[in-house]
Amino acid sequence: MNIFDILGPIMVGPSSSHTAGAVRIGYITRLLLGSPVMEAEIGLHGSFAATGRGHGTDRALIAGLLGMSPDDMRISRSFEEAEKEHLKFSFQNIQISGAHPNTALLKVQGFNGKDLCVQASSLGGGRIMLNKLDGIEVNCACENPTLIVWNKDKPGYVAEVTTLLTRYSVNIATLNLHRDKKGGSAVMIIESDQSIPEEVIKQLKAVDGISKVIYLMSREEI
């Protein structure tokens with residue numbers, strides 16, 4: 001058992017699920033976008049919708065989108081910080097069938113011109129689960145170093161990625177494949193036992209047919 005499961009994360013309160021988890025959802029969304037966020041439309045589901053604002057979930061999500069960590073003392077002032085960073089945002093209460101009670105749906109646009117839709121839930125103790133990326137189910141906890149690769153749904157890409165990781169002595173803990181449709185877009189989620197070298201990411205980005213590569217550090221590193 002991890003010490004975080006017993007004591008909870010180092011964080012600004014009041015709630016590990018509604019605050020710390022929400023910050024991490026926003027933070028990972030920013031990493032996945034690969035850019036500072038320019039606009040964000042955020043839907044709050046279940047308990048996030050019912051009591052989230054009282055627990056500071058809205059400010060926590062914005063704090064994460066601004067790149068803050070769960071222990072950042074500026075979380076309570078994230079709306080004001082967002083104005084300084086020219087981040088426009090809006091919230092609404094939504095219902096998502098079958099979703100965890102602490103779930104947020106973030107539709108974001110970066111200053112790099114790219115868009116991303118992330119559905120994620122907060123499981124307590126600062127832990128989260130990425131449920132969907134651009135509508136593709138991924139169900140990734142991102143507890144270990146995690147590599148996320150977007151590629152064409154064609155043969156050869158899994159071998160390309162796993163061979164490169166083997167070359168750099170990176171042991172794969174879990175590997176999951178997801179796609180929107182046959183022959184369409186696919187997402188590869190790989191959790192590893194070691195940190196993934198920057199050179200691996202650089203080489204993968206150069207592979208024809210791989211459109212995007214994101215590396216997420218483990219929870220203790222964020």
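Thr29 sits in helix H2, which spans residues 16-33. The model is predicted. Thr29 counts as buried because its relative accessibility is 0%. Its side chain has a polar partner on the backbone. A polar atom of the Thr29 side chain lies 2.8 Å from the backbone oxygen of Ile25. Beyond its neighbours within four places in sequence, Thr29 is in contact with Leu65, Leu106, Val108, Leu116 and Val118.

The residue that follows, Arg30, belongs to the lining of the second largest pocket. Rolling a probe the size of a water molecule over the atoms shows where empty space is left. The second largest pocket holds about 150 Å³ of space. Its lining consists of Arg30, Pro36, Val37, Leu65, Leu66, Met68, Arg74, Glu81, Glu85, Leu87 and Phe111. By class, 7 of the lining residues are nonpolar and 4 are charged, and no polar residue takes part. The charged ones are Arg30, Arg74, Glu81 and Glu85. Leu65 appears in this lining and is also a contact of Thr29.

Two lining residues, Glu85 and Leu87, flank His86. His86 is found in the loop between helix H5 (78-84) and strand S2 (88-94). His86 takes a positive phi of about 60°, although it is not a glycine. With a relative accessible area of 58%, His86 is exposed. The cut-off for exposed is over 50%.

A positive phi recurs at Cys142. The value there is about 55°, and Cys142 is not a glycine either. Cys142 is placed in the loop between S6 and S7. Unlike exposed His86, Cys142 is buried, at 0% relative accessibility.

Strand S6 comprises residues 136-140 and includes Asn139. Asn139 is partly exposed, because its relative accessibility is 45% and the class lies between 20% and 50%. Leaving out residues up to four places away in sequence, Asn139 touches Met129, Leu130 and Asn131. Thr103 is 36 residues from Asn139 in sequence, and the two C-alpha atoms are 13 Å apart.

The loop between S7 and H6 contains Lys154. Lys154 is exposed, with a relative accessible area of 51%. The C-alpha atoms of Lys154 and Asp193 are 27 Å apart, with the two positions 39 residues apart in sequence numbering.

Helix H6 covers residues 157-167, and its buried residues are Tyr157, Val161, Thr162, Leu164 and Leu165. These residues lie on the same side of H6, because they cover an arc of only 160° around the axis. Thr166 and Arg167 are exposed on the other side of H6. The buried residues of H6 pack against four strands and one helix: strand S7 (146-152), strand S8 (172-179), strand S9 (185-192), helix H7 (198-205) and strand S10 (210-216). Just after H6, Ser169 has a positive phi of about 60°.

Helix H7 also has a buried side. Val200, Ile201 and Leu204 are its buried residues. They line one face of the helix, since they fall within an arc of 95° when seen down the axis of H7. On the other side of H7, Glu198 and Lys202 are exposed. The buried residues of H7 pack against S7, H6 and S10. Strands S7 and S10 are thus packing partners of the buried residues of H6 as well as those of H7.

The loop between H6 and S8 holds Asn171. Asn171 counts as partly exposed, at 42% relative accessibility. Not counting residues up to four places away in sequence, Asn171 touches Ser192, Asp193 and Gln194. With Asp193 the link is a polar contact between side chains, at 2.7 Å. Glu191 is 20 residues from Asn171 in sequence, and their C-alpha atoms are 8.9 Å apart. Asp193 therefore appears twice in this account: as a polar partner of Asn171, and as the residue whose C-alpha lies 27 Å from that of Lys154.

Note on methods. Residues are numbered from 1 along each chain as its sequence is written. This is a predicted model: local features need pLDDT of at least 70, side-chain atom pairs count only at pLDDT 80 or more; totals for chains, interfaces and linings use all residues. Side-chain values use heavy atoms; hydrogens and water are left out. Helices (H or I, at least four residues) and strands (E, at least two) are DSSP runs, numbered from the N terminus. Buried means under 20% relative accessible area, exposed over 50%, partly exposed in between (1.4 Å probe, protein chains only). A polar contact is a pair of N or O atoms within 3.5 Å; within protein, one must be able to donate a hydrogen and the other to accept it, and residues adjacent in sequence count only if both atoms are side-chain atoms. Contact means heavy atoms within 4.5 Å. On a 1 Å grid over the protein atoms alone, a cavity is a set of points where a 1.4 Å probe fits but cannot get out, and a pocket is an open set with protein on both sides within 12 Å along at least five of seven lines; lining residues have an atom within 4 Å of a point. Grid points are joined across faces, edges and corners, and a volume is the space filled by probe spheres set on the points. The arc is that of the directions from the helix axis to the C-beta atoms.
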